[in-house]
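Subject: Structure handover

Hi,

Here is the structure I promised you. Please open it alongside this note, and my findings follow below.

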There are 2 protein chains.
Amino acid sequence: MTLKKIGEFGFIKKISRGCLIRPDSIVKAIGDDAAAFTTDPARISLITTDLLVERIHFLRNAISGFDLGYKSLAVNLSDIAAMGGTARESFVSIAIPEDCPLDYLEAVYDGMKDLATKFEVNILGGDTTSSKVDLIINVVVYGTIVREELLCRDAARPGDIVCSTGFLGDSKAGLHLILNNIPADSNARRNLLRAHLRPEPHLWEGRFLARQPAVKAAIDTSDGLSSDLGHIAEQSGVGAILYADKIPVSGDLKLFCRQFNFDPVEYALSGGEDYTLLCTVSPAEAEAIAAKFEKKFKRPLFRIGEITAATEMKLKYPDGSARSIAASGWNHFKKDEGG
Amino acid sequence: MTLKKIGEFGFIKKISRGCLIRPDSIVKAIGDDAAAFTTDPARISLITTDLLVERIHFLRNAISGFDLGYKSLAVNLSDIAAMGGTARESFVSIAIPEDCPLDYLEAVYDGMKDLATKFEVNILGGDTTSSKVDLIINVVVYGTIVREELLCRDAARPGDIVCSTGFLGDSKAGLHLILNNIPADSNARRNLLRAHLRPEPHLWEGRFLARQPAVKAAIDTSDGLSSDLGHIAEQSGVGAILYADKIPVSGDLKLFCRQFNFDPVEYALSGGEDYTLLCTVSPAEAEAIAAKFEKKFKRPLFRIGEITAATEMKLKYPDGSARSIAASGWNHFKKDEGG
C-alpha cells in the first residue's frame, strides 16, 4: 500500500482511527474545517506547538516511526507540563516525502496515540500534505489550568531553591551514541538511547508542582539546564547558583562518561531534550515539598541550586570554587553544540 | 544582519513585536512554554492548523515574503470562517533554511501581522527552528463560536440551495500565470495573481452566515469547488446539482480564459485556493438571505446549485444536458491537477 494509492483523504481516514481518546466535550474532531470543543469556564487555555524537521531534529534511519511520533507529542506535552497544566487536545500537521513508507507513518501515529492514551489527550485534527525531501511534523497541544495554579518563567525570587524533577544529560548521551554509531549493547546505553528517543513528559509532576503555592517559576529542560535556567533567570530578573555535586546525574550517564571520558556535570548542564521540569521553590517549603514529591513519585525532587539577586549564573564546586556559566545548549541558528 | 548572528532568541524577539493585537484576556503571550489566555465560558473553541512547505505550496522566488505570511494566516482564518467562528489567537511555527534572508522572514511576519490586525487576531506564540533546504510554515488559529451558530460540513439537506460567497477559479488562473512565467501586465492578470497570492479569508461573511438559522452546512473552497462540495455531500449523505451558467466567474477570469482558450466553468470547478465560503441554505430562505448578504457586503451571494437526495454530483447546462462531476481539485498525494 502506498500513499499515492490511498490518497490524502484515504490517509486521513487511516490515521483518524483511535484518535478520540476523551470524546466528552468534543463537538467536531477530524473531518471538518476546524476541530470544535467546549471549554471549561473556570480555566485558562494553554496552547503550545513544536515543529520537527527531518535532518534537523531527527534522522529517519536512526529513530523508529513509533518513537518519532511519541517524541513529537511528548515535547509538546512537556510544554503544557511546564505551565502546570492538564493537556487536553492535540493537532498534528505532517508533510510527507514520497519515499516515506506508509508503515513508518502509521507507526508515527501509533507512537502518538500510545502517549496520548497515557495522558488522556485527544488527537483532534491537523493537516496532511507532501514535502519534497524531508519528513516534517508539527504538533499543537491545547491544555487548561486554573489561573491560581499557572506556573510561569518570570516568577523566580532570590532565595528560591532550584529543583529538577529528574536526571539531566541522559538524552544528550543517547544522541552521542546515535551520531557516532556506537552500539547500544548494554542496559545503560539502551536507557540513554531511550531517554533521547522516547522522553516522558512530566505532566503529573507539573500538576503536582502547580498545586503547591510555594512553587514559583517553572520551565521544561528542552534546551539544556544552563539555557533553560537562563530563561527563568532572565525573565524573572534574577541569577542563580548551581551546586556541581547536586546536579542529578544517572548511574547510566556516569558509566557512559567514564567510558568516553566526558564530565557528567558538563553533560547535564549543556544537555537539552531531557524534558524534566525545572522549578523554583520558596526556601522555607522546599524540604517539605521534596518529601511530598518523593512520596508521590517514588523518586527525589532534586534540589540543585539557589536563585540569587545578582543577575549571573554560577556553578559552585564542593571545594568552594565557582565558575560562571553562560546559557548554552540548543540554539537552532547559532549552531552551538547541544542536545 | 543574518539569522546566525541574531540567533533563535534574537529572531524571536524581533518577530514578537506587534503580535499582540488584542491584549485583553491574554495571560501569557510569546515567551513562556505555552501561551495562556482565558476563554469565554459561553463559547465553543475552534482550532485549525495548516502546514505550508516550500516547493509544494509555494515557490520562494514567486511569492513575496509579505504575501507568503499573509496567505499562511489567511488559509487558517478561512477554516475558522467556514465554521462560522470568530478567530482569536494564532501561533506560527517556522523552519528556516540557511539561505533564507532575514528581510524575507520579517516580511513574512509583516504579512501575517497585517492580516491579523485586520481581523483582530493575536499572534501568541509558536516555534522557530531551522531546516535543511525548504522554508516551512505551520500556522494554528484558535477561534470561538456559540454552539447554536456552528456551521459544519454534515448538515446539508436535499433541497438546500448551494451558495458561494465569491468568485471561483481566479486563484488557479493566478497560479497558471506564475507556473508559466506569464507576465502580469494587465489589471486583469494582476487581479488573478493577487487572488492566488493574497487571498482574503471570508471571516465576516462566515459570521453573517452563522447567524442565519436557515444556513445549514458550510466549507471553504480550498481544494476546489467540486472537491469541497464533495466533502459536504459525502459528510451529509447527499448529492448536488450545480448549474453551469450560475457558477460565479469574474470578468478577469473570463478574459484570461478567452486568451488562453480555457473553459472558465472547468476552471472554477477544479480551481482550489479561492477561499470563498460554500454553504447550503434552506430553499425558502435563500432569496432573503442572498438579499441581506448583498446589502451588507455590496456583492452577491451566488446561488449556484441545489442539494439532492441522490448521492451524486452533476453539472447541468442551460440546454438541459448534464454531466457527472467527480470530486477533483487538490490532493497532495495523488497528484491530480489542481489549485
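Two strands count as paired if DSSP finds at least two bridges between them. With that in mind: this is a predicted model, and one sheet in chain A is the place to start.

**The sheet**

The sheet is open, with 7 strands. Their order is S8-S10-S7-S11-S9-S12-S13 in chain A, and the pairing is mixed. S8 (215-220) and S13 (322-324) of chain A are the edge strands. Each has a single partner strand, so one side of each has no neighbour in the sheet. From one strand to the next, the twist averages 25 degrees.

Start at the S8(A) edge. S8(A) is joined to S10(A), residues 277-281, by 4 bridges, and the two run antiparallel. Here Ile219(A) has Leu278(A) as its bridge partner.

Now S7(A). 4 antiparallel bridges link S7(A) to S10(A). Another pairing, with S11(A), is also antiparallel and has 4 bridges. Within these pairings, Cys163(A) sits opposite Cys279(A) of S10(A), and Ser164(A) sits opposite Phe302(A) of S11(A).

In a regular strand, side chains alternate between the two faces of the sheet. On S7(A), Ile161(A) and Cys163(A) point one way, while Val162(A) and Ser164(A) point the other way. All four are buried.

Helix H7 (225-236) of chain A lies across several of these strands, including S7, S8 and S10. H7(A) runs at about 140 degrees to S8(A).

**The cysteines**

How many disulfides are there over all chains? The count is 0. Cys163(A) is in none, because a disulfide needs two cysteine sulfur atoms within 2.5 Å, and the nearest cysteine sulfur, in Cys279(A), is 4.6 Å away. Is Cys163(A) buried or exposed? Its relative accessibility is 1%, so Cys163(A) counts as buried. In chain B, Cys100(B) is buried as well, with a relative accessible area of 5%.

**A helix pair**

Look next at H6 (203-210) and H10 (283-297) of chain A. Their axes come within 11 Å and cross at roughly 145 degrees. The crossing is right-handed. H6(A) contributes Trp204(A), Glu205(A) and Phe208(A) to the contact. H10(A) contributes Ile289(A), Lys292(A), Phe293(A), Lys296(A) and Phe297(A). By class, this contact has 5 nonpolar and 3 charged residues, with no polar ones.

Best wishes

Key:
Residues numbered from 1 in each chain as written. Chains lettered and ligands numbered in written order. Predicted model: local features only at pLDDT ≥ 70, side-chain atom pairs only at ≥ 80, totals over all residues. Heavy atoms only, no water. Axes fitted to C-alpha atoms, helices over the stretch in contact; angles between N-to-C directions. Contact = heavy atoms within 4.5 Å. Buried < 20%, exposed > 50% of the residue type's maximum accessible area, 1.4 Å probe, protein only. Left-handed = near helix turned anticlockwise from the far one by under 90°. Nonpolar A, V, L, I, M, F, W, Y, C, P; charged D, E, K, R; others polar.
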